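Trainee: I would like a close look at one part of this model. Please take the interface between the two chains, and then the parts that feed into it.

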Amino acid sequence: MLALPELLRLVRVLHRLWSRASAAPDAGRMWSDLESVLDEAKRMQRRIRLAARHNLQHTEADLRAELGRRLRDVTAQVAELGDATVPPDPPPDRRHWLGELRQLEAEFGAVTIRWRDRVLRVATEPVVLEGVDLGPFAIEFGWGGRGLRAFDVVALEPNPASGREDTVHPHVEGKRLCAGEAAEPIRTALDEGRLADAFLLVQSVLVNYNPHSAYVPLAEWAGFRCTHCGARGRPGSAGSCDACDADLCGDCSDACAHCSDTRCPGCLESCDRCEDRCCSACLSTVAGQRVCPDCRTTCPSCGTRTVRDDPDDDRCPACIRAATEESHEPEPEEAACVPTV
Amino acid sequence: MKLLYINNDGSGFADHIEVDENTTVAAFFTEKMPERKPGDCLIRVNRQPVAPDQSLQPGDRISITPTKLEGAA
């Protein structure tokens with residue numbers, strides 16, 4: 001339970017903040033803004049008449065469109081001025097704030113204040129959604145630089161989604177809650193100084209799960225994220241690269257064309273001859289080319305490793321060339337042969 | 001009799017309303033929140049938990065806060 005001096009100090013702070021926020025708008029400035037927009041509209045009307053007189057049809061059309069926009073702004077400004085004439089509701093008094101803080105303590109068990117950070121904090125019970133234990137959460141209301149609508153949600157025993165350290169709840173990213181259908185009533189509660197209701201509404205979002213709009217669906221919470229494309233999948237829905245251990249989704253999982261080992265696209269290279277995608281273990285450099293086992297051989301004539309040009313001939317180019325030249329040389333017997341009559 | 005009714009469902013609002021004498025919390029809830037179950041809401045009278053058969057008193061502050069709200073991403 002908050003000690004009385006601390007409680008009263010916070011009451012004073014909250015009273016001052018809400019009194020400031022509910023102060024009447026500056027009607028003098030609003031009138032002055034409205035008059036300047038009206039003056040500008042009158043000037044535009046004169047320019048439209050001039051454009052019409054000189055038969056400047058395009059200019060006239062542009063000016064009329066612009067005047068229409070200005071007059072619509074005037075309508076909005078007049079409405080704002082109308083609202084400003086209604087006296088604002090008086091801000092909640094200190095008794096109200098005392099009640100809010102006592103209720104907050106009763107609902108959440110304990111309230112802590114970090115004066116230096118200007119933060120008021122409560123903690124929830126551990127949250128378990130669809131069997132996934134997300135641990136307890138702190139709900140923090142800050143009255144510092146982000147106005148009076150700033151709630152942060154902090155996981156006290158974080159169990160983030162696999163591969164997403166900043167997602168500690170299906171509806172929380174970083175420390176920001178995406179309040180969904182609670183956003184509007186939270187805003188209303190804060191506007192009216194119903195701080196305890198606002199905290200309870202934040203809690204109502206944290207203890208529920210909307211599978212249709214989640215940063216990470218709970219079904220994939222313990223799943224993996226494809227290292228290559230970032231897609232998330234269910235556990236066991238795809239393998240991992242045998243070379244670099246990267247987790248792979250079905251679309252990014254590939255295999256060496258020669259040995260069939262699983263590889264990510266980054267761990268496969270194309271054979272320079274047949275362009276099959278192979279792992280580095282299956283490719284060898286032969287005569288300056290990276291080739292797969294099907295595209296390289298050992299020449300049976302000279303024993304050198306060579307790139308296979310002809311699937312039916314394992315000889316290296318030098319041996320093929322030598323054999324070809326040899327077959328084109330005239331045979332000595334034939335050359336000496338002289339036809340006899 | 002007059003009550004301050006705070007509804008944290010939908011857009012949320014707080015308003016002073018008239019209700020019949022001896023209206024119980026359960027009857028008030030059924031009338032105001034026909035689509036919600038009592039178990040899915042926190043009902044507080046003068047900031048305190050209440051029994052469903054408790055009768056409301058003039059000047060009471062009754063708040064109803066749904067406990068099942070869908071967040072988004």
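Mentor: What follows goes from the interface to the sheet behind it, and then to the salt bridges and chain A.

The model is predicted, so treat every value as computed from it. Start with the contact itself. On one side, 21 residues of chain B are in contact with 29 residues of chain A. The area buried between chain B and chain A is about 2000 Å². Carbon and sulfur atoms give 49% of that area. Within chain B, the residues that lose the most area to chain A are B:Arg47, B:Leu69 and B:Glu70. Together they make up 31% of what that side buries.

Now the polar side of the interface. Between chain B and chain A there are 14 residue pairs in polar contact, both residues at pLDDT 80 or more. Which elements of chain B give two or more residues to the side that touches chain A? They are strand 2 (13-18), strand 3 (41-45) and strand 5 (61-66) of chain B. Strand 5 of chain B gives the most, with 4 residues. By class, the side of chain B that touches chain A has 8 nonpolar, 8 polar and 5 charged residues.

Charge pairing comes next. The rule finds 3 salt bridges across the interface of chain B and chain A. One of them joins the side chains of A:Glu100 and B:Arg47, at 2.9 Å from N to O. B:Arg47 is also among the residues of chain B that lose the most area to chain A. A:Glu100 forms a salt bridge with B:Arg61 as well, the closest N and O atoms being 3.4 Å apart. A:Glu100 lies in helix 4 (residues 94-108) of chain A and B:Arg61 in strand 5 of chain B, so this pair joins two chains. Are A:Glu100 and B:Arg61 buried or exposed? Both are buried.

Strand 5 of chain B leads into the sheet. Chain B has 5 strands in an open sheet, in the order 2-1-5-3-4, with mixed pairing. The edge strands are strand 2 and strand 4 (48-49) of chain B, and each pairs on one side only. Take the pairings in turn. Strand 1 (residues 2-7) of chain B pairs with strand 2 of chain B in the antiparallel sense, over 6 bridges. Strand 1 and strand 2 of chain B form a hairpin with 5 residues between them. In the turn, B:Gly10 has a positive phi of about 60°. Strand 1 and strand 5 of chain B run parallel, joined by 4 bridges. Strand 3 and strand 5 of chain B are antiparallel, over 5 bridges.

Individual residues show the register. B:Ile6 stands opposite B:Ala14 in strand 2 of chain B. B:Ile6 also stands opposite B:Ser63 in strand 5 of chain B. B:Ser63 in turn has B:Arg44 opposite.

Chain B also has a salt bridge of its own. The side chains of B:Asp40 and B:Lys68 meet at 3.5 Å, N to O. B:Asp40 lies in the loop between helix 1 (25-32) and strand 3 of chain B, and B:Lys68 in the segment after strand 5 of chain B, so the pair ties together parts 28 residues apart in sequence. B:Asp40 is buried, with a relative accessible area of 17%. B:Lys68 counts as partly exposed, at 45% relative accessibility.

Now chain A. Chain A has 8 helices and 18 strands. Of its 341 residues, 38% count as buried. Among contacts in chain A between residues at least 6 apart in sequence, 43% join residues at least 24 apart.

For the whole structure, the search finds 25 salt bridges over all chains. One of those in chain A joins the side chains of A:Glu40 and A:Arg43, at 2.8 Å from N to O. The two are 3 residues apart in helix 2 (residues 27-53) of chain A, which means a separation of about one helical turn. A:Glu40 is partly exposed, with a relative accessible area of 22%. A:Arg43 is partly exposed too, at 40%.

Last, a loop residue of chain A. A:Thr124 lies in the loop between strand 2 (119-123) and strand 3 (127-129) of chain A. A:Thr124 is buried, with a relative accessible area of 6%. Leaving aside residues up to four places away in sequence, A:Thr124 touches A:Pro136, A:Phe137, A:Ile139, A:Gln203 and A:Leu206.

Definitions and conventions. Residues numbered from 1 in each chain as written. Chains lettered and ligands numbered in written order. Predicted model: local features only at pLDDT ≥ 70, side-chain atom pairs only at ≥ 80, totals over all residues. Heavy atoms only, no water. Contact = heavy atoms within 4.5 Å. Buried area = accessible area lost by both parts, 1.4 Å probe. Salt bridge = Lys/Arg side-chain N within 4 Å of Asp/Glu carboxyl O. Polar contact = N/O pair within 3.5 Å; in protein donor to acceptor, adjacent residues only side chain to side chain. Nonpolar A, V, L, I, M, F, W, Y, C, P; charged D, E, K, R; others polar. Pairing = 2+ DSSP bridges. Buried < 20%, exposed > 50% of the residue type's maximum accessible area, 1.4 Å probe, protein only.
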